[in-house]
Amino acid sequence: MNTPAPVFEARRVSKSFGPVSALKDVSITLFPGEVHSIIGENGAGKSTLMNIICGRFQPTEGQLFVDGKEVHFHLPKDAQAHGIAIAPQEISLVPHLSVAENIMLGAHCGPALSIDWRKTRAEATRHLHEVDNSIDPAARVSSLSKAQQQLVQIARAAATEARVLIFDEPTATLTYREEETLMSYIEALAREGRSAFYISHRLDEVRRLSHRITVLRDGVHVGELAPEEASRERMVTMMAGRPPKAGAQPLRDLPSTDTVLKVEGLTRAHEFRDLSFSLRKGEILGVSGLVGSGRTEMAKCIFGATRADAGRIELNGKPVSFRGPLEAIRAGVIYLPEERKQEGIFPLLSIAENTGLPTLDRFTGLLHLRNRDMMAEVEKLAGQMKAKFNSLRDPITSLSGGNQQKFIIARWLMRDAHVLIMDEPTRGIDVNAKFEIQSVLRKLTEERGLSIIVISSEMEELLDVADRIMVMHEGKVKGAIDRREASQEGLLQMAMS
Ligand SMILES: Nc1ncnc2c1ncn2[C@@H]1O[C@H](COP(=O)(O)OP(=O)(O)OP(=O)(O)O)[C@@H](O)[C@H]1O
Ligand SMILES: [Mg+2]
């Protein structure tokens with residue numbers, strides 16, 4: 001049988017950022033109708049390679065070929081002209097424009113005068129509905145959830161009718177229902193003969209979708225796997241260069257029966273109704289549920305970012321009603337939001353400043369800032385979470401997506417708190433680092449008596465780290481169950497019942 005010619009090829013590509021060598025001599029091909037996954041730990045070079053392929057970065061060395069002919073991309077539109085489009089890892093939409101307008105902007109790089117707006121709008125809507133039919137094409141992008149924005153980016157890439165589509169962690173923000181739709185969508189694209197590079201830390205997706213899997217480690221191509229030989233164990237071992245550590249945190253009995261946080265009948269119109277639960281000292285409570293189940297809204301309300309219409313909250317036995325997040329933080333209640341780009345980082349500041357800023361008060365000495373103490377603590381936490389960075393003085397934007405997330409987590413772990421609410425904390429973080437972060441959380445509950453609420457769309461994560469798991473659905477608590485008795489099926493059933 002003849003192998004078809006590759007639609008795309010990168011040959012011996014390298015990329016350096018100053019002293020950091022992000023990619024070293026990487027070669028890769030993509031065939032018509034193929035889904036080719038790229039896997040690797042945080043900072044392995046996946047996004048860098050994809051950004052080169054779509055014309056956002058230029059390689060330091062190496063060549064690119066489309067249909068066997070060498071190409072040189074200076075800008076994304078050059079790659080687009082050759083039929084290559086990307087749905088990038090970080091959201092890059094125009095927030096005050098509508099969904100349809102964003103999709104159309106992506107699809108047209110020609111002069112605006114030549115566009116038939118009505119026809120393009122209809123096209124945009126068609127592409128959007130192929131990916132998700134619940135999003136209103138007329139809605140402003142800024143009014144959408146992060147998951148919906150990610151779906152719009154995917155529709156925008158697909159709308160270019162590109163032959164080569166790049167999906168850089170498209171499912172990081174999605175829950176299983178949207179994930180399922182997206183998987184079928186990509187499978188259908190491949191059946192039509194279009195090709196895709198696919199990046200994800202969710203390894204079961206990778207195995208299901210891919211025709212081929214390439215593994216990167218520290219910017220180097222370390223091997224290729226066929227899906228049938230790609231067991232989870234094998235993939236993790238190749239990515240890390242050593243066998244994986246054990247998965248779940250051990251089951252335990254909590255040392256204390258004290259209740260730290262008690263929520264009773266908490267209600268906020270159109271968001272959640274009559275929520276009641278309690279959180280014990282040193283406990284990790286997982287919160288499971290679909291997008292739109294009210295989990296984030298509940299967290300924001302406890303944190304004082306929004307006001308409840310009814311109900312009460314007690315902290316260490318005393319009723320509290322925070323008028324704003326500042327009051328909550330002073331009382332020792334901290335919320336780590338899911339929107340890291342909009343709410344999470346200061347893009348102009350360094351890694352150290354981003355991590356240490358909210359805790360500066362802790363490091364203020366009599367005469368000067370004890371900068372060295374702060375740096376030492378940031379470094380210690382970064383080490384525990386296996387963060388990959390060059391210098392803490394580099395801008396935070398020079399880090400890979402997963403490594404940025406690790407420093408945002410570190411920022412809040414440096415604060416003394418009673419209750420820490422984390423919204424999708426390990427989104428976009430690789431399997432091994434996830435395990436390290438879960439171990440850090442466990443240690444904090446044991447050593448400092450910190451109580452943690454983890455909101456996660458990944459049931460596996462909750463089954464690995466939580467002592468107890470609460471399920472929310474359509475703004476209501478459906479139940480809570482000890483991890484000893486919990487299973488993925490059981491949690492799903494609880495959500496649906
Ligand atoms: N603009 C930049 N300036 C300096 N260094 C950079 C820049 N972009 C990426 N790097 C470095 O290149 C390396 C690879 O980063 P890349 O974003 O490709 O990783 P990744 O595999 O996509 O990781 P993740 O899974 O966390 O998204 C990292 O060490 C990162 O710090
Ligand atoms: Mg990346």
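This is a short dialogue on reading a metal site and some helix packing in a predicted model.

Visitor: What should I know before I start?

Guide: The model is predicted, so local features need pLDDT of at least 70 and side-chain atom pairs count only at pLDDT 80 or more, while totals for chains, interfaces and linings use all residues. Residues are numbered from 1 along each chain as its sequence is written, chains are lettered from A and ligands numbered from 1 in the order in which they are written, and side-chain values use heavy atoms, with hydrogens and water left out.

Visitor: Which protein donors does the magnesium ion (ligand 2) have?

Guide: Donors are N, O and S atoms within 2.8 Å of the metal (3.2 Å for Na, K and Ca); water is not among the atoms, so sites may look incomplete. Here they are Ser-47 (OG) and Gln-89 (OE1), 2.0 to 2.2 Å from the ion. Ser-47 sits in helix α1 (residues 46-53) and Gln-89 in the loop between β6 (84-87) and α3 (99-107), so the pair ties together parts 42 residues apart in sequence. Helices (H or I, at least four residues) and strands (E, at least two) are DSSP runs, numbered from the N terminus.

Visitor: Is Gln-89 buried or exposed?

Guide: Buried means under 20% relative accessible area, exposed over 50%, and partly exposed in between (1.4 Å probe, protein chains only). Gln-89 is buried at 18%, and Ser-47 is partly exposed at 21%.

Visitor: How many of the eight residues of α1 are buried?

Guide: Seven, so α1 is largely enclosed by the rest of the structure. Among them are Leu-49, Met-50 and Ile-52. After α1 comes Gly-55, with a positive phi near 85°.

Visitor: Now helix pairs: at what angle do α14 and α15 pack?

Guide: Axes are lines fitted to C-alpha atoms, for helices over the stretch in contact, and angles run from 0 to 180 degrees between N-to-C directions. Helix α14 (residues 401-413) packs against α15 at about 5°, with the axes 12 Å apart. That makes the two roughly parallel (under 35 degrees; over 145 is roughly antiparallel, 65 to 115 roughly perpendicular, the rest oblique).

Visitor: Which residues of α14 make the contact?

Guide: Contact means heavy atoms within 4.5 Å. From α14 they are Lys-406, Ile-409 and Leu-413, and the α15 side includes Ile-437 and Leu-444.

Visitor: And where do α4 and α5 fit in?

Guide: Helix α4 (residues 117-131) and helix α5 (residues 146-158) come within 9 Å and cross at roughly 125°, so they are oblique to each other.
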